[in-house]
Amino acid sequence: MKFSVIFEAQLADPTVEREHQVIRDCVEQAVLAERMGFDRIWAVEHHSLKWYAHMSAPEIFLTWVAARTRTIRIGHGVVCMPFGFNHPVRVAERAAMLDLLSGGRVDLGAGRGGTEQETSLCGVDRDRTAQEVEEALRIIGRAWQEEELEYHGALLDIDPHPILPRPRQTPHPPLFLACSRTETLEQAAELGIGALVMGFAGPESVAGMRAAYDRALARRDGDRFVSTVVNDHFSVLCPTIVLDDREEARRIGIRGQRFFAQSIGHWYGGSGIPDEAVVAGADEAAELRRAAEQVVARLHEQHIPVRPASTATFNADHAYGSADDAIAHVERLRQAGADEVMCLVQMGTVPQEACLETLRQWGEKVIPHFRGA
């Protein structure tokens, strides 16, 4: 069982000063995560998604963290791979340089960055994002293993060129794909790369996603592999706040998740501006349920089918509370098939002191429980 922390750089009240502080706070959390025994950090890539993710240049963030740490793995979770965001050769060059300088600690995930807000900013063709992600992975897998890269595909033609430098890891850093649907889980398995799974719907949903991934693993024949090395690692998101005061942890965590859900709903579903206010003494579980009901009502008004995924980000069944609560939840994720738990701690309304204390509690109590097992 592996343990990691994922960073979105979310913030309520996104003034310039607050934005700068949140990114510095993320660095502080990442450095503490190494001291607390976490195996890896992940940093997302998003563009122009105010509130939801101010992590627009993860390659810089991860390089800064790598320079301040020694052992923790450094993960792109994920690079936006459509060509308008990042040419695949440039991704290969940057990741190899970071792998070299970090001593071979890089993991590289791929994703679509498919919101209209992001694609319109960078001139990305939304109808080609899935194709471009797969072609980018094929190019990167070859660029790191051949003396000169030559590639002639459906979307790009590259005449022979050396791609420099070569990564420290042999033959290259592990590859992953962001997976939110059965189709992308099957794609990851068929491409021979790891799955990064949101998992907001809870352990039962994770078990179903793991089963879909395993079925695809069992029936693949290797024809679609993007590299000579295969990575079948299954990583699952785990929202969490852990404090000595169990009820305070649940209040802070569920409030942060509501901000997360409303922010992602704003950019992915066209809902309203996220609620930035934190009200002392509020019943945050009830507020989260009300927010989910509002989403369902809006979908009904627009005659859009309501599916379980429509309100998954409003599910409060996560690792909020005491260390014992977190241990029990991680055990459920382990039984559901998670190889790695990606802790989502830094949600927009969560104060820095609660983030740091959560990482300490995981390092002192939660992770040792599973290391001992």
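A nonpolar core is a set of buried Ala, Val, Leu, Ile, Met, Phe, Trp, Tyr and Cys residues joined through side-chain atoms within 4.5 Å. The model on display is predicted, and its largest nonpolar core is reached in the third stop of this tour.

**The whole chain**

Begin with the entire protein chain in cartoon representation. Eleven helices and eleven strands make up its regular secondary structure. The radius of gyration is 20 Å, close to the 21 Å that the globule rule gives for 373 residues, so the chain is as compact as a globular protein of that length. Along the principal axes, the C-alpha atoms fill a box of roughly 65 × 50 × 45 Å.

Next, display the surface. The accessible area is about 15700 Å², and carbon and sulfur atoms contribute 49% of that total. Of the 373 residues, 55% count as buried. A contact map would add a further view: among contacts between residues at least 6 apart in sequence, 74% join residues at least 24 apart.

**Strand 1 and its partners**

Select residues 2–7, which form strand 1. Five of these six residues are buried, so the strand is largely enclosed by the rest of the structure. Now add residues 340–344, strand 11, which runs parallel to strand 1 and is joined to it by five bridges. Within this pairing, Phe 3 has Val 341 as its bridge partner.

Add residues 40–43 as well. This is strand 2, also parallel to strand 1 and connected to it through four bridges. Here Ile 6 stands opposite Trp 42. To follow the chain between these two strands, include helix 1 (residues 16–35): the path leads from strand 1 through this helix to strand 2, forming a right-handed β-α-β crossover.

**The largest nonpolar core**

Which residues touch the most other members of the largest nonpolar core? Select Phe 38, Ile 41, Phe 61 and Trp 362, which hold that position among its 121 residues.

Centre the view on Ile 41 and show its surroundings. Apart from neighbours within four places in sequence, Ile 41 is in contact with Val 5 and Phe 7, with Ala 30 and Ala 33, and with Phe 61, Leu 62 and Val 65. The remaining contacts of Ile 41 are Ile 72, Arg 73, Ile 74 and Gly 75.

**The hairpin of strands 5 and 6**

Move to residues 149–152, strand 5, and show the side chains. Leu 149 and Tyr 151 point to one face and are buried, whereas Glu 150 and His 152 point to the other and are not. Extending the selection to residues 157–161 brings in strand 6, which pairs with strand 5 in the antiparallel sense over three bridges. Tyr 151 stands opposite Ile 158, and four residues carry the hairpin from strand 5 to strand 6.

**Helix 6 and its surroundings**

Select residues 182–191. In this helix, Thr 184, Leu 185, Gln 187, Ala 188, Ala 189 and Leu 191 are buried. What do the buried residues of helix 6 pack against? Show helix 5 (129–143), helix 7 (203–219), strand 7 (175–179), strand 8 (194–197) and strand 9 (234–242), which are their packing partners. Just after helix 6 comes Gly 192, with a positive phi near 80 degrees.

**An exposed serine**

Finish at Ser 120, located in helix 4 (residues 116–122). Is Ser 120 buried or exposed? Its relative accessible area is 53%, over the 50% cut-off, so Ser 120 counts as exposed. For a last distance display, pick the C-alpha atoms of Ser 120 and Arg 289: they are separated by 33 Å, with these positions 169 residues apart along the chain.

Methods: Residues are numbered from 1 along each chain as its sequence is written. This is a predicted model: local features need pLDDT of at least 70, side-chain atom pairs count only at pLDDT 80 or more; totals for chains, interfaces and linings use all residues. Side-chain values use heavy atoms; hydrogens and water are left out. Buried means under 20% relative accessible area, exposed over 50%, partly exposed in between (1.4 Å probe, protein chains only). Contact means heavy atoms within 4.5 Å. Two strands pair if DSSP finds at least two bridges between them. A crossover is right-handed if, with the strands pointing away from the viewer, the path from the first strand over the helix to the second runs clockwise. The radius of gyration is taken over C-alpha atoms; the globule rule is 2.2 Å times the number of residues to the power 0.38. Accessible areas come from the Shrake-Rupley method with a 1.4 Å probe; for residues, only the protein chains shown count as cover.
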